[in-house]
Amino acid sequence: MSTSLKLFPPFRADHIGSLKRPAELLTKRGEFDAGKCTAEDLKPFEDKAINDIVQMQREIGIKSVTDGEFRRHMFFDGVFDNLDGMKYLPDVPLHMFMDYVPDIPAFKKLAVGKGGASFICVGKLKRTKPFYKDQFEYLKSITKPEDHKNIKITVCAPEWFHLRHGPYAYDKKVYAIDEEYFADIAKAYREEIKDLYARGCRNLQFDDPLLAYFCAESMIKGMTEVGVDHEALLNTYVKLYNDCLRDRPADMTIGLHLCRGNFKDGRHFSEGGYDRIAVKLFHEIDVDCYYLEYDTERAGTFAPLKHLPKNKAVILGLITSKFPELENKEDLKKRVHDAAETIAQGDEKRSKEEALNQLCISPQCGFASHAEGNKVSDEDMKKKLALVVETAKEIWTDV
């Protein structure tokens, strides 16, 4: 675990990763999904959209470069859909989805008695091909060499399908126990991180809605009712992260975004402050920075930040990506200073200036965790990102 604070990345004015897809790309992807065009036909539309969105980030002043996740359907695409041993099932029986997971009841309601699409482990898990190579290499090809270190690759949470499917996540004839299953997942992540690093990636971010679910009283209650030890399971996931990152390069910034649900019409699934998991989150998971959602009261207060150690950064997600209304800049600046004061008074005493140096700001989540995106226009998104940059410049001098 790094003993010194890493910055640049993350940047004072940052963003989570996904951005609004242009209509032309969505239309062409719809044709591809319907079998009306090939991947080769789709790629030029993706390339143009990515070229444009990278230019937009440059013009606004966002230094953390992403492709907007324009080559994905959902934010979690990339790992398990490319992992040998995982099988896509278009009609997984609903009893194989755990009701205590906060988004599952709504998912089942939409399914109206039918099964749901998902991935289940049916064989030994092996990484036989890269997960994010093409996305990273294309971004390298359209950016300057000095900007390659700023390219951010967002990756799926390693426990994604395990929490959702519980005992049905893998075939017991393949893996007898969770430890065996997770060992092969961690090995695949280590191989991917090593490969991305060799290609020049220095900025990696895990997108994880599931850790935030451990803040939700509804999931804790639901787990307890069916005999799942939530504390033991959280410990298992912390160990999984650290096993994934065991051989991580020292000069690669690893971030962790705790998403609370970012679906159409502003829907969220996780409520409750970070208090319940703060100590484990900040002290036990071997990452350099945390992208935390703080755009609504459901995320709780800044009090958990008192547990933040001096060698880690927090990117405060103060600007909502869900709705078009712009936040008040003065309110944003005050909240950043309030967060710094909380950190300064925390477990490891430090000055407010030192605490402020550990902070950055961003939207609370991406603008399109799913392909359709949130109910904001392209112009709304630009204004939101510009507000992030403008606010940061009025707080810090190293934006």
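F8 sits in the segment before α1, where helices (H or I, at least four residues) and strands (E, at least two) are DSSP runs numbered from the N terminus. The model is a predicted one, so local features need pLDDT of at least 70 and side-chain atom pairs count only at pLDDT 80 or more, while totals for chains, interfaces and linings use all residues. Residues are numbered from 1 along each chain as its sequence is written, and side-chain values use heavy atoms, with hydrogens and water left out.

Back to F8: its phi is near 65 degrees, a positive value in a residue other than glycine. With a relative accessible area of 32%, F8 is partly exposed; on this scale buried means under 20% relative accessible area, exposed means over 50%, and partly exposed is in between (1.4 Å probe, protein chains only). The peptide bond from F8 to P9 is cis, with omega near 5 degrees. The next bond along, from P9 to P10, is cis too, and its omega is near -5 degrees. P9 belongs to the segment before α1, and so does P10.

E69 is another residue with a positive phi, about 60 degrees, although it is not a glycine. E69 lies in the loop between α2 and β1 (84-92). Its relative accessible area is 3%, so E69 counts as buried.

E69 also turns up in the wall of a cavity. Rolling a probe the size of a water molecule over the atoms shows where empty space is left. Here the search runs on a 1 Å grid over the protein atoms alone: a cavity is a set of points where a 1.4 Å probe fits but cannot get out, a pocket is an open set with protein on both sides within 12 Å along at least five of seven lines, and lining residues have an atom within 4 Å of a point. Grid points are joined across faces, edges and corners, and a volume is the space filled by probe spheres set on the points.

The structure holds five cavities of 30 Å³ or more. The second largest cavity has about 60 Å³ of space, and its lining is made up of G17, S18, T66, D67, E69, R72, Q135, L139, K152, I153 and T154. Two elements, α4 and β3 (153-156), give two or more residues each to that lining. Sorted by class, the lining of this cavity has two nonpolar, five polar and four charged residues; Ala, Val, Leu, Ile, Met, Phe, Trp, Tyr, Cys and Pro count as nonpolar, Asp, Glu, Lys and Arg as charged, and the others, Gly among them, as polar.

Then there are the pockets. The second largest pocket has about 630 Å³ of space. Its lining runs to 21 residues, and E46, R71, N82, D134 and Q135 lie nearest its centre. At least two residues of the lining come from each of α1 (23-33), α2 (39-60) and α4 (133-141). By class, this pocket is lined by seven nonpolar, four polar and 10 charged residues.

Moving on to helix packing, the axes of α6 (residues 178-199) and α9 (residues 230-244) come within 8 Å and cross at roughly 35 degrees. Axes are lines fitted to C-alpha atoms, for helices over the stretch in contact, and angles run from 0 to 180 degrees between N-to-C directions. The crossing of α6 and α9 is right-handed: that label applies if the near helix is turned clockwise from the far one by less than a right angle, and left-handed applies if anticlockwise. On the α6 side, F182, I185, A186, Y189, R190 and I193 meet T236, Y237, L240, D243 and C244 of α9, with contact meaning heavy atoms within 4.5 Å. These residues divide into eight nonpolar, one polar and two charged.

A198 is also in helix α6, and at 66% relative accessibility A198 counts as exposed. A198 and T301 are 103 residues apart in sequence and 40 Å apart in space, C-alpha to C-alpha.

F97, in the loop between β1 and α3 (104-111), is buried, with a relative accessible area of 2%. Leaving aside residues up to four places away in sequence, F97 touches V92, I104, F107, K108, G116, A117, S118, R164 and H165.

Finally, H307 is placed in the loop between β6 (289-293) and β7 (313-319). Its relative accessibility is 17%, so H307 counts as buried. Not counting residues up to four places away in sequence, the contacts of H307 are A278, V279, F282, H283 and D347.
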